[in-house]
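Colleague: I should be grateful for a close look at one part of this model, described step by step for a first-year student. Please begin with the terms that the description needs.

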Amino acid sequence: MWRSARRAAPGPAFLSRVAGATCPLLLLSPLCACTLLRAASRVRTAREETTRAVRRLDGTLRALVSRGAAEPRTDPRPWQKTPADPRPVANAKRPMAILTDDTVAPYVEALALPALADAGALAAAPVAGGNLNYAWRCGDGSTSVFVKQAPDYIKCLGEDFKLTSARMAVEVGALRALHGVDNARAPAILHHDVERCVVVLEDLGELPLLRDDLLAGRIEAGVARDLGTFLGDVYAKTKDAPAAAFAYLGADDNAAMRAITRDYVFTKPWDAADATNRDLSEAPALKARVAGLRADAQILQAAVAARAAFDDHRDCLAHGDLHAGSVMVSETRAVAIDAEFACRGPSGLDLGLLMAGYVFAYAASDDRAAA
């Protein structure tokens, strides 16, 4: 068991403990290494950069942002449909039957799942927190499963905000692949309903998210070590896999979801004027850090290079959204969930996203300490 209840004070040791467990894999991601170096020096004296150099690099990024809306894109926007998509999706000729709190239990009971063979009367309760999909926990109080359905829209925004339901086939395929690499690092798939875009998964119970542990100052080197080893194994076992092994991603390599990642991870955060960015007015220390990053020539250059790598490299299977909110932890397990953003991506993509979770928690500690 590597998990304990101790509480660690945020500070340089916070990051170095994680870095010691994952530094061999940092070589996979120049951006991750650059971000780690930047975060490890807490209040660093800003380097003297000429205004012209900063503006030139900032202009490069902004030009890329503006061109993204005007030029033809390899990856279509999330609301665009790919005509020749081999992934199984709900029948487009009739509306998808959306499960409700009242219909989930009868639906699961009719599946006669071995995992619930000895269960009593089933009941379902919605699980809060997801933005894209509907989710429920269904069981008899002692044994349960996790049910997830992907509508053809973004759940938290409503039916007018369309998003391909093929993301469920992607998630199921990716979780099966990840589970095949290490069955302790991804939940087991118990049932996949292609017609209704529903998956029934092993229930991980009320395990905390890694994000919540980090924000509370609970850091376990074993989590980082095990996840780092897992990502290395995923790379080793998928880097030379034939194209057929990634059929669940579709011929477009999950383009609709990749477009979201491209915009909301690699582009919009660098634009201070973008309305989708978080308002940091109540977190002055974090706001100053972000402003410093946006004005740093080296970081801007790395951001441009990172987005180009995301666009161009298809090195191995990537979870695609492996931030600290997509990892659940127990006393003996660290489990990756929510794989609908999976793709063939750069070898360091997941590592960079995972490390960002540690960096974000570290940076946020400034305002918590001042409160």
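Modeller: Two strands are said to pair if DSSP finds at least two bridges between them. The strands (E, at least two residues) and helices (H or I, at least four) are themselves DSSP runs, numbered from the N terminus. The model is predicted, so local features are described only at pLDDT of at least 70 and side-chain atom pairs only at pLDDT 80 or more, whereas totals for chains, interfaces and linings use all residues. Residues are numbered from 1 along each chain as its sequence is written, and side-chain values use heavy atoms, without hydrogens or water.

The setting comes before the part itself. The chain has 11 helices and 11 strands. Of its 371 residues, 47% are buried, where buried means under 20% relative accessible area, exposed means over 50%, and partly exposed lies in between (1.4 Å probe, protein chains only). A contact is a case of heavy atoms within 4.5 Å. Among the contacts in the chain with a separation of 6 or more, 72% are between residues 24 or more positions apart.

The part chosen here is a sheet, together with the elements that cover it. Five strands make up this open, antiparallel sheet, and their order is β1-β2-β3-β7-β6. At its edges stand β1 (123-126) and β6 (189-193), each of which pairs on one side only. From one strand to the next, the twist averages 20°.

One edge may serve as an example of the pairing. Strand β6 is joined by 4 bridges to strand β7 (residues 198-202), and the two run antiparallel. Within this pair, His192 faces Val199 of β7 as its opposite residue.

Two helices accompany the sheet. Their directions are described by axes, which are lines fitted to C-alpha atoms (for helices over the stretch in contact), with angles from 0 to 180 degrees between N-to-C directions. Helix α4 (residues 104-111) packs on the sheet and touches β1, β2 (134-139), β3 (144-149), β6 and β7. Its direction is at about 60° to that of β2. Helix α5 (residues 167-181), in turn, lies across β3, β6 and β7, and runs at about 155° to β6.

Helix α5 merits a further word. Its 15 residues reach 21 Å from the first C-alpha to the last, close to the expected 21 Å, a value obtained as 1.5 Å times one less than the number of residues. The helix is mostly covered, since 11 of its 15 residues are buried. The buried residues of α5 include Arg167 at its start, followed by Met168, Ala169 and Val170. Further along, Leu175, Leu178 and Val181 are also among the buried residues of α5.

The edge strand β6 can be examined through one of its residues. Leu190 lies in β6 and is partly exposed, because its relative accessible area is 33%. Val200 is 10 residues away from Leu190 along the chain, yet the C-alpha atoms of the two are separated by 5.4 Å. Leaving aside residues up to four places away in sequence, Leu190 touches Leu113, Ala115, Val145, Val200, Leu201 and Glu202. Of these partners, Val200 and Leu201 fall within the residue range of the neighbouring β7, and Val145 falls within that of β3.

At the other side of the sheet, the connection between β1 and β2 offers a second residue. Asn133 is placed in the loop between these two strands. It is counted as buried because its relative accessible area is 7%. Again leaving aside residues up to four places away in sequence, Asn133 touches Lys148, Gln149, Ala150, Pro151, Lys155, Arg167 and Glu340. Within this list, Lys148 and Gln149 belong to the range of β3, while Arg167 is one of the buried residues of α5.

A small antiparallel pair follows β3 in the numbering. Strand β4 (residues 153-154) is joined to strand β5 (residues 158-162) by 2 bridges, and the two run antiparallel. In this pair, Tyr153 is opposite Lys162 of β5. The connection between β4 and β5 is a hairpin of 3 residues.
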